[in-house]
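Hi everyone, thanks for coming. I've got one structure to walk you through today, so let me put it up on the screen.

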Amino acid sequence: MCSSDLEPVLDSQVNFPAVNLEVSTESYDYYVFAPGLDKERMDITLDKNLLTVRGQSPVLIPAEPGVTVYRRERVTGKFTKSLKLAKDCSLNNISAGYSLGVLHIKVQRLAHTKPEKISIT
């Protein structure tokens, strides 16, 4: 494949950062994959039931004049990722931690939404 067969990459073609969601009876656990980012460059906000993660990924390899990038899987620059929370989220009980490039956001579920066993008499 020669370079004339390729098109330069556009940052809007990349979905960054990737997010996994795990749901248990206790909580919603969001895992935001942001390797190489400094936690001081990330911000989490909550507006009603919309959780937004913002940050900035540093440029690790600066662009050189006369060089065209044909493949870029590592996104750089500012990003925003918004996550709509479920109705049974406890908006007053959210915590976040960052380790090894993964931002873990834990949103507790409201107590009354947990399944309850009802005995038959």
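Let's start with a little puzzle: in β7, which residue is the bridge partner of Ile94? Have a look for a moment. It's Val107.

Before I go on, keep in mind that what you're looking at is a predicted model.

Okay, back to that pair of strands. Ile94 sits in β6, which covers residues 89–99, and β7 takes in residues 102–109. The two run antiparallel, with seven bridges joining them.

Now zoom out a bit. What is the strand order in the open sheet? Going across, you read β1-β2-β7-β6, so to speak, four strands with antiparallel pairing. At the edges you find β1, residues 18–23, and β6, and each of those pairs on one side only. As you step from one strand to the next, the twist averages 20 degrees.

What about the chain as a whole? How many helices and how many strands does the protein chain have? Zero helices, seven strands. If you follow the sequence along, the pattern is simply β-β-β-β-β-β-β.

A few numbers for the whole chain, then. There are 121 residues, and 23% of them are buried. The accessible surface comes to about 8,900 Å², and carbon and sulfur atoms hold 52% of that surface. Then the contacts: if you take those with a separation of 6 or more, 55% are between residues 24 or more positions apart.

So that's the tour, and we ended up a fair way from our opening puzzle, Ile94 in β6 and its partner Val107 in β7. Happy to go back to any view.

Definitions and conventions. Residues are numbered from 1 along each chain as its sequence is written. This is a predicted model: local features need pLDDT of at least 70, side-chain atom pairs count only at pLDDT 80 or more; totals for chains, interfaces and linings use all residues. Side-chain values use heavy atoms; hydrogens and water are left out. Two strands pair if DSSP finds at least two bridges between them. Axes are lines fitted to C-alpha atoms, for helices over the stretch in contact, and angles run from 0 to 180 degrees between N-to-C directions. Buried means under 20% relative accessible area, exposed over 50%, partly exposed in between (1.4 Å probe, protein chains only). Contact means heavy atoms within 4.5 Å. Accessible areas come from the Shrake-Rupley method with a 1.4 Å probe; for residues, only the protein chains shown count as cover.
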